[in-house]
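Please look over the model shown here. A short report on its domains, its ligand shell and one glycine goes with it.

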Amino acid sequence: MGARVAVVGGGVAGVTTALVLGRLDVDVTLFEKSHSLVSGPPFCHLHAGGNLYREISDSQCLKLLEQSIDFARFYPYVVDYRPTVIATPKSDPSDPSDLIPRLLMLKEEYEKIVQNDPNSAVLGPPEHYFTLYEKEDLKKLIELQPTTEPKSADEWMIPVAGELDIENLKFPVVLVQEYGLNLFRLGAGVALALSAMKNVQLKTSTEVKEIRAGTEGWRVEWTEHGRELCSSFDYLVNAAGFKTAELEAIAGIYSERMIEFKAAYITKWKTPWQWPEIIFHGERGTPRGMGQFTPYPGGYFQLHGMTKEITLFNEGLARPRGGLMPPKLPENFEKKIERGWEWSEVQKRTEAAISHIARFIPSFKTAETASVPLFGAQQIPGDDPTLRVAEVEFPAARYARCEIVKVSSSLDMAEAIVRDMQREGVLQSIVPSIAFPHANVPHERALGALAARLAKERGYPIEVSRRSRFEPL
Ligand SMILES: Cc1cc2nc3c(=O)[nH]c(=O)nc-3n(C[C@H](O)[C@H](O)[C@H](O)COP(=O)(O)OP(=O)(O)OC[C@H]3O[C@@H](n4cnc5c(N)ncnc54)[C@H](O)[C@@H]3O)c2cc1C
């Protein structure tokens with residue numbers, strides 16, 4: 001029998017760890033307190049270059065590019081292959097040309113990655129990684145009829161040119177191959193793949209109450225359908241998301257981290273066109289904070305607005321408290337996570353999000369609230385809230401603390417865990433690095449049906465469990 005590994009938490013970090021370990025000679029038990037997997041904070045964007053974040057370093061952007069390529073190769077069924085447009089409003093003090101050196105650096109790096117391994121060309125041909133549009137270019141596109149099946153950068157830009165208030169923008173506007181991610185398809189796909197693995201025990205509706213270090217491994221106590229149970233494991237992976245530090249405090253492990261609560265809003269809008277994602281840059285936390293317009297099939301759009309009235313919240317960022325005390329969000333946020341939102345607040349914030357985006361797409365003012373928001377709390381290791389790349393730490397023997405802040409970091413994280421298990425002697429055999437494409441890609445019909453069921457159970461329109469495009473440009 002292989003070593004026994006406990007993974008606490010069935011978010012992206014926990015399920016990716018279980019998928020990777022499930023192919024090795026170990027017995028994995030995955031504990032998740034919700035009744036389905038991947039039910040934590042949402043994700044909709046593959047940060048293949050970090051172009052949404054002007055404030056981060058070039059090295060974080062390069063890491064996000066590399067990790068996103070691996071993520072798209074490992075989870076091909078999760079990616080919605082539609083590009084992202086980055087627009088800088090006139091109200092923003094920055095110069096959009098400042099984005100160009102970084103885009104060139106990313107394109108060059110992507111070329112190198114593809115030269116080393118042509119299977120990594122998941123963002124399309126490197127020469128098309130980004131395209132710049134001047135005002136004159138958009139004016140020419142206004143004349144053209146939009147298409148429901150865009151096949152080139154220009155075709156994606158036709159509705160942008162036609163519907164955006166281009167007098168309100170600075171130029172150039174950028175189209176970049178950063179794609180969408182579908183969290184419902186990820187939740188469904190991993191549930192199907194993990195249930196087919198004989199050495200993975202999936203324990204949903206199961207809450208881990210206590211973890212304690214033993215002489216050679218960990219003792220874990222949990223409640224499962226009202227019963228209190230415990231067992232010993234040779235290795236423990238803490239992938240409990242924003243509850244990571246609370247669980248560690250029980251075991252006497254200290255970790256400096258923050259917790260941030262954020263939300264994105266689901267709207268319905270009558271539009272016949274196939275839209276790209278659009279980012280309207282703006283200073284975070286101010287009334288003109290960045291706006292993010294994310295398309296789903298069927299006329300559904302998810303909106304972020306980086307203002308306190310939309311995505312961010314007063315007291316929504318809990319800072320480290322020192323000592324063994326884990327960071328703590330005010331109670332109303334935990335209440336939202338456990339019991340949901342008041343409908344009046346859903347409407348107020350969704351309407352604010354619609355107005356935020358309608359400043360740039362005037363016809364979008366007719367959009368309506370479609371459902372409860374996508375929301376949740378996430379941990380951010382350290383004390384820098386702009387950190388976008390983190391993977392995993394090993395602060396105790398035979399113990400891994402997952403720390404991802406973007407889902408694309410989950411494969412580097414899982415690989416580091418495998419290496420640590422080898423160092424600790426928990427894994428004896430030589431382990432190959434993560435294989436692509438993932439061997440457990442589920443059958444499309446079962447995956448689509450389960451993704452739709454997850455969306456419905458959680459109160460979202462089933463269209464948001466679908467993706468519009470199956471192939472890169
Ligand atoms: C509004 C918003 C938008 C975002 N957008 C993006 C995006 O576009 N792209 C991107 O890459 N990232 C995005 N993120 C970040 C992304 O959501 C997180 O990085 C990621 O989901 C973290 O995954 P995780 O597995 O570490 O944690 P989680 O998803 O929180 O998983 C932890 C799991 O552990 C379970 N758990 C906790 N305690 C216990 C216990 N005691 N016993 C059993 N189970 C337990 C929880 O129920 C949960 O399912 C966004 C975050 C927010 C808040």
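The report takes the domains, then the ligand shell, then Gly289.

This is a predicted model, in which local features need pLDDT of at least 70, side-chain atom pairs count only at pLDDT 80 or more, and totals for chains, interfaces and linings use all residues. Residues are numbered from 1 along each chain as its sequence is written.

**Domains.** The domain assignment gives domain 1 (3–41 + 184–255 + 384–465) and domain 2 (78–182 + 258–381). Such bounds come from an automatic or database assignment. Taken over C-alpha atoms, the domain centres lie 28 Å apart. Domain 1 gives 27 residues to the contact, and domain 2 gives 25 residues. Two residues are in contact if their C-beta atoms, placed from the backbone, lie within 7 Å. On the domain 1 side, α6 (183–195) and α7 (244–251) each give two or more residues. Helices (H or I, at least four residues) and strands (E, at least two) are DSSP runs, numbered from the N terminus.

**Ligand shell.** The shell has 38 residues, and Gly9, Gly11, Ala13, Gly40 and Gly241 come nearest. A residue is near the ligand if its C-beta atom, placed from the backbone, lies within 6 Å of it. Both domains supply at least three residues each.

The table sets out the classes. Ala, Val, Leu, Ile, Met, Phe, Trp, Tyr, Cys and Pro count as nonpolar, Asp, Glu, Lys and Arg as charged, and the others, Gly among them, as polar.

| Region | Nonpolar | Polar | Charged |
|---|---|---|---|
| Domain 1 side touching domain 2 | 16 residues | seven residues | four residues |
| Shell around the ligand | 19 residues | 13 residues | six residues |

**Gly289.** Gly289 sits in the loop between β14 (277–280) and β15 (291–296). Gly289 counts as buried because it has 21 C-beta neighbours inside 10 Å; the cut-off is 20 or more other C-beta atoms within 10 Å, with C-beta atoms placed from the backbone.

Notes:
A residue is buried if 20 or more other C-beta atoms lie within 10 Å of its own, exposed if 12 or fewer, and partly exposed in between; C-beta atoms are placed from the backbone.
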